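Welcome! Please take a look at the sequence and the structure below, and keep them in view while you read this briefing.

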Amino acid sequence: MDVLTGLFLYWLHIFCAGVFADVWKVTVEPEMQALVSSCVVLPCSFKYPVQEQPSDRIRAIWHMKDNWDDIIFHKDTTRVKDSFKGRTNLIGSLGGSNCSLEIDEVKNHDNGPYCFRVELETSKTDKYSFVKNCVSIKMIEQASKPELQAEQSVQEGEPAVFTCSVRHTCPSHQPTLTWNHTGKVIMSYKNIGHGNWETQSVLTFSPKKEDDHSAVACTVKHHGNVKGEMTATHRIFVKEQATLSHILIPTISGLGAALLVGVLCFLIVMRFKKRIADLESRNDNGMRRRLSRLSRRFRSGDSSSVPGGREQRRGQGHQFDRKFYVKANNICTVSGNKPFSKARMPSPKSVAKSYSDSNYDDDYINTADLHMKLYENDIF
């Protein structure tokens with residue numbers, strides 16, 4: 001029996017806890033951020049045990065946690081603490097269970113914590129203070145600059161998109177965002193949760209060549225006399241739109257450079273060919289001159305000193321064997337023959353150098369005879 005009683009009481013406790021825990025309930029953010037001199041909205045929603053009541057039968061009160069008599073908001077403004085008079089406002093609909101509170105002109109000492117209290121004007125007045133669910137505020141002395149997103153390099157004549165956004169906790173007085181450049185602007189506001197909001201501005205325009213290296217700036221204006229950096233800038237680089245001249249100029253420049261290199265190479269090759277031809281001509285002329293001098297030296301000698309002449313030497317050349325030559329005092333003897341005198345070659349210094357075109361041509365024509373004579377007279 002004791003066991004059954006214990007189980008019954010256990011389940012009854014759980015059931016009652018679940019029911020009565022949901023009777024009086026409030027949902028708030030335990031900590032919020034607020035920009036000094038601006039405003040802040042404390043999000044709040046609540047539930048009560050009786051059937052839904054209209055707003056005029058619900059009384060909302062916000063008070064300090066440590067002292068319930070320090071009221072920061074009441075429908076009867078005479079009951080509001082002097083330091084909060086005219087600065088607090090209930091922006092939610094109590095009939096819709098919205099108890100959100102706005103605090104304007106936030107001061108450094110508005111830290112809280114603040115608690116919500118609800119009073120229902122029914123046949124009997126029901127009151128409940130949610131002192132276990134209060135809100136504290138963290139102060140921000142200076143505002144941060146907005147966030148600006150855009151591509152650094154944009155194309156001339158094509159739409160470019162610039163997005164500027166700022167986060168805040170005062171949706172009742174949204175900050176404004178302005179641009180230093182004209183274009184199509186779209187504003188949007190978004191609840192990003194936990195009492196934080198985001199205001200966004202999107203600027204769209206088609207950059208021109210004059211916009212190259214220019215700065216696009218976005219400036220935020222918060223509600224109230226807020227201090228801090230309010231402007232974000234973004235420098236853009238405009239790429240020129242491709243035209244026919246952008247295609248032709250590089251092409252013509254490349255062809256011109258290639259043609260110039262080709263002409264220079266041709267001139268260099270022709271110059272070297274000319275020099276090579278001159279060198280070959282000089283070498284050929286030098287050889288001809290040396291042969292001509294040898295020819296003159298040979299002709300100036302006494303051809304009669306060679307017995308038998310060319311024809312006789314040709315006839316007798318193979319009829320006897322030459323055994324040896326004896327050179328003494330310029331006298332040559334051949335075995336079995338009489339001694340004969342061999343003509344002495346004149347010294348190059350003793351012969352006057354005189355060249356003419358006719359002699360040069362004659363010498364060139366008789367080159368073959370010269371070689372034959374030199375061979376027959378044993379000069380080679």
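Two residues are in contact when they have heavy atoms within 4.5 Å of each other. With that in hand, Arg-87 touches Glu-102, Ile-103, Asp-104, Glu-105, Val-106, Lys-107 and Asp-110, leaving out residues up to four places away in sequence. This is a predicted model, in which local features need pLDDT of at least 70 and side-chain atom pairs count only at pLDDT 80 or more, while totals for chains, interfaces and linings use all residues. Residues are numbered from 1 along each chain as its sequence is written, and side-chain values use heavy atoms, with hydrogens and water left out.

**The whole protein**

- The secondary structure comes to five helices and 23 strands; these are DSSP runs numbered from the N terminus, with helices (H or I) of at least four residues and strands (E) of at least two.
- Of the 380 residues, 28% count as buried. Buried means under 20% relative accessible area, exposed means over 50%, and partly exposed lies in between (1.4 Å probe, protein chains only).
- The protein exposes about 25400 Å², and carbon and sulfur atoms supply 54% of this area. Accessible areas come from the Shrake-Rupley method with a 1.4 Å probe, and for residues only the protein chains shown count as cover.
- Take the contacts between residues at least 6 apart in sequence: 64% of them join residues at least 24 apart.

**Two buried loop residues**

- Arg-87, whose contacts you met above, lies in the loop between strand E6 (71–73) and strand E7 (88–90). Arg-87 has a relative accessible area of 6%, so this residue counts as buried.
- Cys-170 lies in another loop, between strand E14 (160–168) and strand E15 (176–179). Its relative accessibility is 3%, so Cys-170 is buried.
- Which residues does Cys-170 contact, leaving aside its neighbours within four places in sequence? They are Cys-39, Val-40 and Val-41.
- Cys-170 and Gln-33 are 137 residues apart in sequence, and their C-alpha atoms are 9.8 Å apart in space.

**Strand E1 and its partner**

- In a regular strand the side chains alternate between the two faces of the sheet.
- Strand E1 (residues 25–28) shows such an alternation: Val-26 and Val-28 point to one face and are buried, while Lys-25 and Thr-27 point to the other and are not.
- E1 runs antiparallel to strand E4 (residues 44–47), and four bridges join them. Two strands pair if DSSP finds at least two bridges between them.
- Thr-27 has Ser-45 as its bridge partner in E4.

**A sheet of four strands**

- Strands of a sheet pair through backbone hydrogen bonds, either parallel or antiparallel.
- One open sheet has four strands in the order E12-E14-E17-E16, and their pairing is antiparallel.
- Strand E12 (147–149) and strand E16 (184–193) stand at the edges; each has a single partner strand, so one side of each is left without a neighbour in the sheet.
- From one strand to the next, the twist averages 20°. For such angles, axes are lines fitted to C-alpha atoms (for helices over the stretch in contact), and angles run from 0 to 180 degrees between N-to-C directions.
- Nine bridges join E16 to strand E17 (residues 196–205), and the two run antiparallel. Met-187 stands opposite Ser-201 in E17.

**Salt bridges**

- How many salt bridges does the structure hold? There are six. A salt bridge is a side-chain nitrogen of Lys or Arg within 4 Å of a carboxyl oxygen of Asp or Glu.
- Lys-85 and Asp-82 form one of them, at 3.3 Å from N to O. Lys-85 is partly exposed at 41% relative accessibility, and Asp-82 is exposed at 61%.
- Glu-119 and Arg-117 form another, at 3.3 Å from N to O. Glu-119 is buried at 7% relative accessibility, and Arg-117 is buried at 17%.
- A network of salt bridges links Arg-59, Arg-117 and Glu-119.
- Glu-198 and Lys-190 meet in a salt bridge of 3.8 Å from N to O. Glu-198 is buried at 12% relative accessible area, whereas Lys-190 is partly exposed at 46%.
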